[in-house]
Protein chains: 2
Amino acid sequence: MDFDAKFGNCPIYYTISKIEGKWKWVILYKLYKCKVMRYNRLWDDLQPIAHRTLSKQLKELEADGLVHREQYNEVPPKVEYSLTKDGETLTPILDMMSQWGERHINPRPEVSND
Amino acid sequence: MDFDAKFGNCPIYYTISKIEGKWKWVILYKLYKCKVMRYNRLWDDLQPIAHRTLSKQLKELEADGLVHREQYNEVPPKVEYSLTKDGETLTPILDMMSQWGERHINPRPEVSND
DNA sequence: TCCTATACTTACAAAAAGTTTAGTATATAA
DNA sequence: TTATATACTAAACTTTTTGTAAGTATAGGA
C-alpha cells in the first residue's frame, strides 16, 4: 500500500483502508452489539452475503487485529467471533455511523402546525 | 440496491453504502477542513487519484446531497466544492475516523518508568 | 499562430470484489 | 449406509471499481 509515502498526512485514509469493503463495518457492528457470534449466525444476519466474502473479510479483520477468532475443536465445528480490545476502540464510530444511518433512512418529517 | 427489503434493520449498512469507495471519506474530510476547494486543489491533495475517479465520486457525493458544487462561468473554468448542510452532519464521524487513524499510524509507545 | 490554464469527459484496460456451485472433514443419529 | 450439522475452501465466473491516456472548450498571452 505504500501508505506512509503518500498518505502520512492523512489519517482518515489510513482508517478507511484498514476497514475497507462495505461488509466490514457491518460485521464489526454486529460483533459489537452481540458480543460473541458464531459463523452461521453472522452469515444469516448479513444476507445476502456469500460465504467466500464473509470468511475473507473475517480473516482480514482478524489479521488486522480487530476481530478475535476462537475455534473449538469439536465435531461439528464451532467457531466464535468477537471484537478484540483494538476492535472495541471503533465502537464510538460504529455508533455514530449507525445513528447517522437511522436519521437518514427515515428522515424525520418537518414539524408542521396544521 | 433494494435496501429496505434486506437492510431496513441495519442503519450502518445504509451509511456505508451511501459513502462507499475509499476516496469519499477523504474527500469529505478535505472539504470539511478546507471549507471550499477547487477541483485541481482537491486532486493535488489526493494524489495518486485519477481524474475519472475523483470526478465520479464528486458527482455521486453531489447527487447524494453531501457536497455542493459551485460553477463559475469563466474561462478558464472555475468550480468550487464544499460540504452541504447534510454533509456537515458527517463531520463528527470524520473527526473520529481521523483520530482513530492517527492513533494507529503512530501507536503511542507504552509508558515505561526506567 | 501556438501555448497555457482549468475542469473535466470518453473509450478502453486492468484490477478488485463479489457470486455461484460444489466440495471437505468427521462424529453422531436414523 | 446415509443424512445431518458446522465452518469453511476452491474454482470459475461476473460485476464493479479504478486507472490510463487522450481529448474538449475557450480566452488571453507570447
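**Two protein chains on two DNA strands**

In chain A of this predicted model, residues 24 or more positions apart account for 45% of the contacts with a separation of 6 or more. Chain A is built from seven helices and three strands, and, read from the N terminus on, its elements follow the order α-α-α-β-α-α-β-β-α-α. Of the 114 residues that make up chain A, 43% count as buried.

From the fold of chain A we can turn to the DNA, beginning with strand D. Around DNA strand D there are 21 residues, of which A:Lys59, A:Arg69, A:Pro77, A:Tyr81 and B:Arg52 come nearest. By class, the surface near DNA strand D holds seven nonpolar, six polar and eight charged residues. If one looks at the atoms of DNA strand D that lie within 4 Å of the protein, 63% of them belong to sugar or phosphate, and the rest belong to bases.

Several polar contacts to the phosphates of this strand can be followed in the model. A polar side-chain atom of A:Arg38 lies 2.8 Å from a phosphate oxygen of DNA strand D, and an N or O atom in the side chain of A:Ser55 is 3.0 Å from a phosphate oxygen of the strand. With A:Val79 it is a polar backbone atom that is involved, at 3.4 Å from a phosphate oxygen of DNA strand D. The elements that give two or more residues to the surface near DNA strand D are helix H4 (39-45), helix H5 (51-63) and strand E3 (78-83) of chain A, together with helix H5 (51-63) of chain B.

DNA strand C can be read in the same way. It is surrounded by 20 residues, and the closest are B:Arg38, B:Lys59, B:Arg69, B:Pro77 and B:Tyr81. These surroundings divide into nine nonpolar, five polar and six charged residues, while 67% of the atoms of DNA strand C within 4 Å of the protein belong to sugar or phosphate and the rest to bases. A polar side-chain atom of B:Lys59 lies 2.2 Å from a phosphate oxygen of DNA strand C, and for a polar side-chain atom of B:Arg69 the corresponding distance is 2.4 Å. A base of this strand is also reached, since an N or O atom in the side chain of A:Arg52 is 3.3 Å from a base oxygen of DNA strand C. Two or more residues of the surface near DNA strand C come from each of H5 of chain A and H4, H5 and E3 of chain B, and H5(B) gives the most, with four residues.

Helix H5(B) therefore deserves a closer look, beginning with its length: at 1.5 Å a residue, its 13 residues should span 18 Å, and this agrees with its end C-alpha atoms, which are 18 Å apart. Within H5(B), the residues B:Leu54, B:Gln57, B:Leu58 and B:Leu61 are buried. These four lie on the same side of H5(B), because they cover an arc of only 100° around the axis. On the other side of H5(B), B:Arg52, B:Lys59 and B:Ala63 are exposed. The cover over the buried residues of H5(B) includes helix H3 (22-34), helix H4 (39-45), strand E2 (67-72) and strand E3 (78-83) of chain B. After H5(B) comes B:Gly65, whose phi is positive, near 75°.

Key. Residues are numbered from 1 along each chain as its sequence is written. Chains are lettered from A and ligands numbered from 1 in the order in which they are written. This is a predicted model: local features need pLDDT of at least 70, side-chain atom pairs count only at pLDDT 80 or more; totals for chains, interfaces and linings use all residues. Side-chain values use heavy atoms; hydrogens and water are left out. A residue is near a molecule or strand if one of its heavy atoms lies within 4 Å of it. A polar contact is a pair of N or O atoms within 3.5 Å; within protein, one must be able to donate a hydrogen and the other to accept it, and residues adjacent in sequence count only if both atoms are side-chain atoms. Ala, Val, Leu, Ile, Met, Phe, Trp, Tyr, Cys and Pro count as nonpolar, Asp, Glu, Lys and Arg as charged, and the others, Gly among them, as polar. The expected span of a helix is 1.5 Å times one less than its number of residues. Buried means under 20% relative accessible area, exposed over 50%, partly exposed in between (1.4 Å probe, protein chains only). The arc is that of the directions from the helix axis to the C-beta atoms. Contact means heavy atoms within 4.5 Å.
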